Amino acid sequence: MSSNASNLLEEALGIGGGRTIGGRVVLVEDCVETSGAFVLHHLMKRVLSLESRGTLLLLALAHPFSHYDRILRKMGCNLSSQRESNRLHFLDMLRLEFPGQIDGETKEVGFQELFSKLQTAIEVISERGNNNGGITIMIDDISMLEIAAHGCLDQILDFLHYCITLTSEYGCALVILSHGDIYSSDEATGLLSSLEYLADIVVKTEPLATGLAADVHGQLTVLNRGSSQGQGYSMNKFRNFHFKLKENGAEYFYPGSIKT
Amino acid sequence: MAAVPREGAGAGGVGAGVRSATARASSFSRATAAASPKPAIPGVKHGLNGAAFVSSGIPDLDRILGGGFQLGTVVMVMEDAEAPHHLLLLRNFMAQGLVHRHPLLFASPSKEPRAFLGTLPSPVSGSKDERPRMAPGLDPDAQDHDKGLRIAWQYKKYFGEQQSSGLHNRDCRQEFSNDFDLRKPLERQLLNGQHIDCISLLDSPNLEILQDHCSAFLSKLPRNDGTIGCAGRLAIQSLCAPQCGYFEMDWDMASFIRSLRAMVRSSNAVAMVTCPTSVLPPSFCKRWQHLADTLLSVRAIPDEDKDMAKLLTGYQDMIGLLHVHKVAQLNSQVPVILDATTFSLKLQKRRTLVLERLNQAPVDGSTGSPYGVPGSSGSSKCSSIDF
């Protein structure tokens with residue numbers, strides 16, 4: 001995928017051409033039929049690219065390092081060397097547990113530790129002066145964090161709010177992957193509605209209404225709540241387009257306009 | 001060829017100038033290590049992206065899933081409350097593992113899980129007239145190893161039953177996947193191995209015991225990049241069955257699956273978990289589906305459904321339907337798109353399990369426009385089949 005070609009996803013997110021997602025909260029919602037992980041991979045590549053000089057803090061709850069390494073390698077980004085040069089901070093949280101499941105207090109302590117780990121990492125990064133490209137915090141994915149916390153919604157929301165303070169304090173970007181279909185039933189709407197409210201940009205991946213196809217893997221809906229900084233008004237932009245995933249990236253195109 | 005020092009560029013190791021000055025070589029290195037063949041472990045096949053597969057025990061399913069069950073993944077089978085077809089999948093999976101001497105951990109909500117091992121099927125014993133089923137389009141005579149097998153079958157008539165079974169067992173171990181004869185039980189000697197661990201979930205107040213067993217089992221099968229020592233299988237039957245002591249603890253069950261997934265990822269094992277998802281709250285059902293790497297569901301077919309009989313060919317032989325929702329894709333972001341996702345479970349010759357694509361029966365000319373397209377995935381066209 002040529003980096004010069006106009007990229008529908010980046011246009012929708014409001015990045016590219018010098019602009020970054022710094023200071024904004026991006027929520028990626030996916031479902032069982034279409035995984036939204038490719039959006040995270042795309043953003044990872046963007047943040048770690050040579051032009052951007054950003055730093056990435058990845059809270060990996062769903063996959064081990066080798067998984068991301070292999071995928072990003074095929075997309076032209078070497079995570080191992082990025083990790084060594086401190087542009088990527090990989091927090092392996094596959095086995096993250098908050099001890100003392102029943103007692104809410106110890107879980108709070110667990111979250112506090114997690115947050116302080118994040119905060120110290122960010123302080124170290126900004127002190128080093130590598131903050132030119134901005135810091136991006138990526139959580140993959142938040143439903144795993146919810147399981148680790150045994151569904152303690154309060155703790156998770158507090159943690160999220162603290163992470164959001166980092167976006168204003170340090171100008172970090174926060175990217176969160178969540179699963180929309182888990183929260184679509186009546187008894188469990190809590191987390192998703194809070195996330196959708198807090199997010200500046202919501203990216204939803206869904207299967208096509210017509211079912212499976214080999215050429216088009218799904219559709220993306222991007223809702224971008226324009227930031228009202230210095231503009232006096234905020235404009236919501238809503239875009240919908242289709243995507244096809246390949247090993248070395250993804251193709252985005254308007255419905256019906258795939259080049260075969 | 002210009003040596004462009006761009007990240008991720010270049011064929012493996014050709015441009016020496018591409019390597020960075022740091023002591024650590026670039027991620028692309030000369031492919032000498034890969035040239036040496038990996039030691040063959042019975043029942044393990046290697047694929048792309050560093051994937052290793054073990055057979056599910058059903059050759060058709062292996063083919064559908066593109067190789068088999070991938071080591072390091074969790075396969076989830078959503079049960080149908082009306083029919084025990086998930087047990088067919090489980091039995092074939094476990095029997096295949098025992099034939100290949102893979103360590104097995106089996107947990108079930110019954111009081112005596114060991115008894116289930118007695119129902120495992122035995123591999124089909126070929127006689128002279130039987131030919132091993134092969135992939136369509138292959139000419140058996142053109143393949144050398146099949147020639148070898150043909151010679152063996154010819155000599156079979158000179159050996160007694162005992163000796164032929166010994167030969168047959170060795171042959172079975174060599175093959176990646178076997179057809180299983182559901183009418184014949186597995187040999188006793190394969191069931192009395194040290195490497196089989198059976199756990200009953202019935203009286204467990206929580207999932208800690210199971211988690212400890214799984215952890216101990218998987219710690220013996222660590223995954224290191226490169227060689228695979230041994231492959232193990234975990235089979236957990238009806239994890240969320242209502243009769244288990246931990247049934248109401250939704251978050252604990254989700255937490256168990258999450259840690260199982262994490263443990264299996266870093267080991268050379270496959271976990272097959274079946275669950276009657278209809279008893280779970282819908283949000284947790286979705287959570288489990290997201291946690292699974294490969295997601296299948298089995299569905300019963302009503303015995304006397306006239307509408308379905310008109311719609312599908314071969315309806316009388318079908319015992320159930322299998323739907324493939326998701327196929328594991330480790331180390332890659334490209335989803336696996338199958339030509340067809342719904343298959344019928346049939347018993348061939350009343351003993352081996354086969355999966356077939358659904359074929360629409362030719363529509364009677366008087367009732368409407370004929371569509372008669374064979375091999376369609378029934379779910380999108382037929383309104384009566386609702387998944």
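The exercises below work through helices, a sheet and one buried residue in a predicted model.

Local features are given where pLDDT is at least 70, side-chain atom pairs count only at pLDDT 80 or more, and totals for chains, interfaces and linings use all residues. Residues are numbered from 1 along each chain as its sequence is written, chains are lettered from A in the order in which they are written, and side-chain values use heavy atoms, with hydrogens and water left out.

**Exercise 1. Check the length of helix H2 (residues 85-99) of chain B against its expected span.**

Solution. Helices (H or I, at least four residues) and strands (E, at least two) are DSSP runs, numbered from the N terminus. The expected span of a helix is 1.5 Å times one less than its number of residues. For the 15 residues of H2(B) this gives 21 Å. The end C-alpha atoms are 22 Å apart, which agrees. As for surroundings, 15 of the 15 residues of H2(B) are buried (under 20% relative accessible area, with exposed over 50% and partly exposed in between, using a 1.4 Å probe and protein chains only). After the helix comes Arg101(B), with a positive phi near 60°.

**Exercise 2. Describe how helix H7 (residues 208-219) of chain B packs on helix H8 (residues 250-265) of chain B.**

Solution. Two packed helices are described by the angle between their axes and the distance between the axes. Axes are lines fitted to C-alpha atoms, for helices over the stretch in contact, and angles run from 0 to 180 degrees between N-to-C directions. Here the axes come within 10 Å and cross at roughly 5°. H7(B) is therefore roughly parallel to H8(B) (under 35 degrees; over 145 is roughly antiparallel, 65 to 115 roughly perpendicular and the rest oblique). In contact terms (heavy atoms within 4.5 Å), H7(B) contributes Leu210(B), Gln211(B), Cys214(B), Ser215(B) and Leu218(B), and H8(B) contributes Phe256(B), Ser259(B), Leu260(B), Met263(B) and Val264(B). These divide into seven nonpolar, three polar and no charged (Ala, Val, Leu, Ile, Met, Phe, Trp, Tyr, Cys and Pro count as nonpolar, Asp, Glu, Lys and Arg as charged, and the others, Gly among them, as polar).

**Exercise 3. Which strands stand at the edges of the open sheet of chain B?**

Solution. Write out the order of the nine strands: S8-S5-S9-S10-S4-S11-S12-S13-S14, with mixed pairing. Two strands pair if DSSP finds at least two bridges between them. Strand S8 (196-200) and strand S14 (352-357) each have a single partner strand, so one side of each is left without a neighbour in the sheet. The twist averages 20° from one strand to the next.

Next, take each edge in turn. S8(B) runs parallel to strand S5 (residues 104-108) of chain B, joined by five bridges, and Ser108(B) stands opposite Ser200(B). S14(B) pairs with strand S13 (residues 342-348) of chain B in the antiparallel sense over six bridges, with Leu347(B) opposite Leu353(B). S13(B) and S14(B) form a hairpin with three residues between them, and Lys349(B) in the turn has a positive phi of about 55°.

**Exercise 4. Is Ser178(A) buried or exposed?**

Solution. Locate the residue: Ser178(A) lies in strand S5 (residues 173-179) of chain A. With a relative accessible area of 0%, Ser178(A) is buried. Then list its contacts beyond four places in sequence, among them Leu27(A), Asp30(A), Ile142(A) and Leu195(A). For chain A as a whole, 54% of the 260 residues count as buried.
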